[in-house]
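Trainee: I would like a close look at one part of this molecule, namely its salt bridges. Please then set that part within the rest of the structure.

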Amino acid sequence: MSLIAQSMSQSPDPTPPRPSDKPSGADGQTDGYAGGPVILQVLPSLVSGGVERGTVDMAAAIVEAGGRAIVASSGGPMVRELARAGAEHVALPLASKNPWRIRKNADLLIALMRREGVDLVHARSRAPAWSAWRACRRTGTPFVTTVHAHYAINLPGKRRYNSVMTRGDRVIAISNYIAGYIQENYKVDPSIIRTIPRGIDVRRLDPAAVTAERVIKMARDWRLPDGVPVIAVPARLTRLKGHLVILDALARLRIGEVRCLFIGSDQGRKRYREELEARIRKLGLESSVHITDHCDDMASAYKLADVVVSATTEPEGFGRVIVEAQAMGRPVIATAIGAPQETVIPGQTGWLVPPGNPDALAAALEEALTLSPDQRQALADRTIAHVRANYSRDRMCDATLDVYEELLIGHQASAHAEPHAALHS
């Protein structure tokens with residue numbers, strides 16, 4: 001049993017007091033939250049995406065561990081998920097990159113941190129991180145950052161702007177690739193970097209949890225013929241995702257009829273969508289390729305697919321789609337750049353191909369689509385075990401709680417303060 005669990009089990013009322021009930025220190029900042037630490041996460045908004053999903057998942061884990069989770073952002077649809085997890089949201093204009101606004105946001109965060117007795121701040125994006133870094137320096141609060149991507153440094157001032165993500169007391173990298181990028185481009189003490197891969201919900205992304213009825217309905221909605229192999233490409237319609245390379249690979253296939261689904265919104269990129277549609281017509285792939293736009297049931301889409309492809313031409317920090325597809329027992333093909341080189345085991349859970357190479361991609365597609373039933377089942381067993389062992393949401397949350405606890409214990413010891421109950425055993 002963790003210290004937090006012991007603390008709560010000894011209390012007849014597990015409901016922690018409101019912030020106004022907390023004792024205040026000399027600087028007006030409260031000295032801790034009864035029952036567990038108060039963790040503040042900051043990010044621009046809660047609309048959609050991997051950063052936002054990770055924030056919500058961690059908020060739920062903090063609450064489950066007995067702490068108090070607060071998220072500050074400009075808001076969005078995922079605020080409702082925070083409320084369901086027992087976390088709190090504070091609306092602040094953290095999406096702005098305006099230097100004046102960033103400074104003002106630091107003042108707003110300081111006020112929030114002192115009012116709510118925040119014990120640790122976790123920043124997940126650059127503009128909010130600058131505000132949080134200033135606030136933490138002024139209050140002496142432990143500061144954690146997560147680097148989610150390979151940030152561009154091709155413009156004046158970009159390297160310095162990006163550098164805030166490496167100024168945490170601990171810097172979380174979402175893959176070994178990102179950890180290497182941090183050390184190559186920024187002067188960071190390797191001892192403060194913690195590599196914690198993104199985690200996915202393996203309970204939701206479980207082949208056994210997706211009913212045949214859901215898959216059949218999706219196949220009917222997308223008008224897929226029976227018995228024709230399905231290639232799924234879950235990715236927003238943007239050039240770096242490699243759709244044009246996939247089309248050229250499809251034109252080279254020698255295995256008969258297939259259906260390729262581009263599952264993702266153009267997000268206003270009308271000209272790129274029109275370019276894709278023109279290439280589809282030029283290659284004579286009108287009956288083979290369908291742009292399905294956004295999908296609300298990706299678990300069923302993965303199960304419907306015979307192979308899932310990520311043909312990105314730029315390195316990805318993690319590559320969530322490829323991991324999710326493996327969780328669903330699907331063969332995957334990814335480009336051999338960035339983090340997919342870690343998440344795909346060639347010859348065991350999928351294929352890695354050079355970026356921008358339609359011939360190599362066509363060869364991998366032919367191999368994946370001609371597996372025997374026994375080979376497909378053996379591969380599915382390997383992919384599911386691989387993801388559950390290395391990329392589960394629980395694993396990510398546990399490792400991040402360990403980082404929080406490491407900093408909180410060190411901070412309390414240096415301040416000679418009464419220790420908070422630990423977040424994690």
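Mentor: The model is predicted, and a suitable place to begin is the salt bridge in which the side chains of Glu88 and Arg68 meet, at 2.6 Å from N to O. This pair joins distant parts of the chain, since Glu88 belongs to strand β3 (residues 88-91) and Arg68 to strand β2 (residues 68-73), 20 residues apart. The two partners can be described by their accessibility: Glu88 is partly exposed, with a relative accessible area of 25%, whereas Arg68 is buried, at 4%.

A further bridge is formed by the side chains of Asp201 and Arg393, with an N to O distance of 3.7 Å. This pair, too, links distant parts of the chain: Asp201 lies in the loop between β7 (193-195) and α8 (212-221), Arg393 lies in helix α16 (residues 393-415), and 192 residues separate them. Here the acidic partner, Asp201, is buried, because its relative accessible area of 18% falls under the 20% limit. Arg393 has a relative accessible area of 22% and is partly exposed. Both residues also take part in a network of salt bridges that links Arg53, Asp57, Glu81, Asp201 and Arg393.

The bridge between the side chains of Arg273 and Glu277, at 3.5 Å from N to O, has a local setting. Both residues lie in helix α10 (residues 270-282), and because they are four residues apart there, about one helical turn separates them. Arg273 is buried, with a relative accessible area of 16%, while Glu277 is partly exposed at 29%. Over the whole structure, a search finds 25 salt bridges, and the pairs described here are among them.

The nonpolar interior is the next part of the setting. The largest nonpolar core has 73 residues, and those with the most contacts inside it are Leu40, Val42, Leu109, Val121, Ile182 and Trp222. Helix α5 (residues 126-139) supplies the largest share of this core, seven residues. A second core, separate from it, has 33 residues and includes Val245, Leu250, Leu276 and Val289. As for Trp222, its contacts beyond four places in sequence are Leu261, Ile263, Thr292, Cys295, Ala301 and Leu304.

Val289, a member of the second core, leads on to the sheet, as it is the bridge partner in β10 of Cys260. Strand β9 (residues 259-263) pairs with β10 in the parallel sense over three bridges. These strands belong to an open sheet of six, ordered β10-β9-β8-β11-β12-β13, with parallel pairing. At its edges stand β10 (289-291) and β13 (350-353); each has a single partner strand, so one side of each is left without a neighbour in the sheet. On average, neighbouring strands of the sheet are turned by 20 degrees against each other, direction ignored. Helix α12 (residues 320-327) packs on this sheet and touches β8 (230-234), β11 (307-310) and β12 (332-335). The direction of helix α12 makes about 165 degrees with that of β12.

Note on methods
Residues are numbered from 1 along each chain as its sequence is written. This is a predicted model: local features need pLDDT of at least 70, side-chain atom pairs count only at pLDDT 80 or more; totals for chains, interfaces and linings use all residues. Side-chain values use heavy atoms; hydrogens and water are left out. A nonpolar core is a set of buried Ala, Val, Leu, Ile, Met, Phe, Trp, Tyr and Cys residues joined through side-chain atoms within 4.5 Å. Buried means under 20% relative accessible area, exposed over 50%, partly exposed in between (1.4 Å probe, protein chains only). Helices (H or I, at least four residues) and strands (E, at least two) are DSSP runs, numbered from the N terminus. Contact means heavy atoms within 4.5 Å. A salt bridge is a side-chain nitrogen of Lys or Arg within 4 Å of a carboxyl oxygen of Asp or Glu. Two strands pair if DSSP finds at least two bridges between them. Axes are lines fitted to C-alpha atoms, for helices over the stretch in contact, and angles run from 0 to 180 degrees between N-to-C directions.
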